[in-house]
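Got the viewer open? Let's take a short walk through this one, one selection at a time.

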Amino acid sequence: MPLLHQFCETLYQSGFGTMLRESNNAFSVIESVHVLAITLLFGTIAVLDLRMLGVILRQISVSSVARGVLPLTWSGLAVSVVSGFLLFWAEAEKMYANPSFRAKLVLLALAAINALVFHRTIYRSAHEWERQHMSPWRARATAIASLALWSGVIIAGRAIAYF
Amino acid sequence: MDLHGWLMALAHSPLGHAMQTSRWGFAVVEMVHLLGLAILGGSVLIVDLRLLGVILKGESAITISRDLSRVLLVSLSVMVLSGIALLSEEAGKCYYSPAFRWKMVLLAAAAVFYFTLHRQAILRTRRGTVTFWPRIAAVVSLLLWLGVGVAGRAIGLL
């Protein structure tokens with residue numbers, strides 16, 4: 001059995017994983033936290049994306065919006081990742097073969113790469129364009145990619161239950 | 001028509017039939033509902049954290065709220081429409097669900113509060129200062145909307 005599959009099976013059969021999976025309340029609570037965390041994560045980054053697309057908050061500079069929003073986004077990511085890992089632990093064996101779960105992880109990686117590239121390139125020169133109502137095309141492309149990829153993560157996440 | 005009658009009419013409507021017979025209908029509509037939830041929650045969070053003086057202190061709460069209220073209205077509309085579609089598929093279950101009734105009560109309270117007292121509290125703010133009533137309004141708003149979200153989650157669990 002491939003190592004990754006072995007890892008999933010080990011988590012699934014562990015005492016902790018079993019307890020989570022069979023618990024009446026723990027799994028539901030963790031899942032609820034995971035779902036509501038999308039508000040903190042996607043709801044906030046969407047505001048920054050919409051700013052760069054020139055849709056909202058045009059009077060406020062992009063870096064001001066970013067400074068206000070990104071700490072919230074990071075918090076949302078932290079909560080999502082921790083709760084998500086616990087959910088994964090409980091269902092690891094089933095997640096290994098689940099195409100929607102795999103798609104979700106790929107989209108998550110792409111969303112992270114999108115953000116990383118943005119911060120290392122076009123955002124470096126933010127002081128030159130942050131006051132413009134509409135940001136340069138590279139920033140707008142990042143914003144559209146961000147909205148699409150994070151939506152994809154949420155959609156794939158919901159679809160996990162259907163496979 | 002009473003609530004039960006209304007829900008049954010919804011369930012037997014063309015929308016209800018479409019939702020009940022479609023294999024992916026409920027899933028797709030639920031995903032739209034979920035995306036709407038994220039956007040609505042994000043706009044509420046940012047406005048209320050500004051009122052609490054936690055973020056964007058140097059910017060006008062009125063400016064922020066004006067734009068994010070538009071976002072809230074759009075996402076709320078999306079959620080109401082998708083919510084009705086979900087309801088048409090699960091009318092019976094929701095009628096007997098205390099979580100669903102709580103959700104509707106809290107939703108009405110949150111929406112009314114948002115467009116009345118909350119809006120007034122925002123209009124009283126000036127750039128850089130945080131006063132008493134805006135803070136209270138922000139906390140009430142966050143609790144009400146969080147309540148809607150938790151109750152909605154509980155529908156599926158209880």
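A helix here is a DSSP run of H or I at least four residues long, and helices are numbered from the N terminus. Keep in mind that this is a predicted model.

Start by selecting V71(B), which sits in helix 4 of chain B, residues 61–89. Is V71(B) buried or exposed? Buried, because 23 other C-beta atoms lie within 10 Å and the cut-off for that label is 20 or more. Now show its contacts: beyond neighbours within four places in sequence, V71(B) touches I39(B), S43(B) and, in the other chain, I56(A). Add G42(B) too: 29 residues separate it from V71(B) in sequence, yet their C-alpha atoms are 9.5 Å apart.

Next, the largest nonpolar core, with 66 residues. Pick out F42(A), V65(A), V69(A) and I46(B), the residues with the most contacts inside it. Both chains feed this core, with helices 3, 4, 5 and 7 of chain A and helices 3, 4, 6 and 7 of chain B each giving at least two residues. Helix 3 of chain A brings the largest share, 13 residues.

Zoom in on V69(A). Leaving out residues up to four places away in sequence, V69(A) touches T44(A), I45(A), V47(A), L48(A) and I46(B). Apart from the largest core there is another one of eight residues, including V29(B), L86(B), L87(B) and A91(B).

Last stop: where the chains meet. Select 25 residues from chain A and 24 from chain B. On the chain A side, helices 3, 4 and 7 each give two or more residues, and helix 3 gives the largest share, eleven. Colour that side by class and you get 15 nonpolar, nine polar and one charged.

Conventions: Residues are numbered from 1 along each chain as its sequence is written. Chains are lettered from A and ligands numbered from 1 in the order in which they are written. This is a predicted model: local features need pLDDT of at least 70, side-chain atom pairs count only at pLDDT 80 or more; totals for chains, interfaces and linings use all residues. A residue is buried if 20 or more other C-beta atoms lie within 10 Å of its own, exposed if 12 or fewer, and partly exposed in between; C-beta atoms are placed from the backbone. Two residues are in contact if their C-beta atoms, placed from the backbone, lie within 7 Å. A nonpolar core is a set of buried Ala, Val, Leu, Ile, Met, Phe, Trp, Tyr and Cys residues joined through C-beta atoms within 7 Å. Ala, Val, Leu, Ile, Met, Phe, Trp, Tyr, Cys and Pro count as nonpolar, Asp, Glu, Lys and Arg as charged, and the others, Gly among them, as polar.
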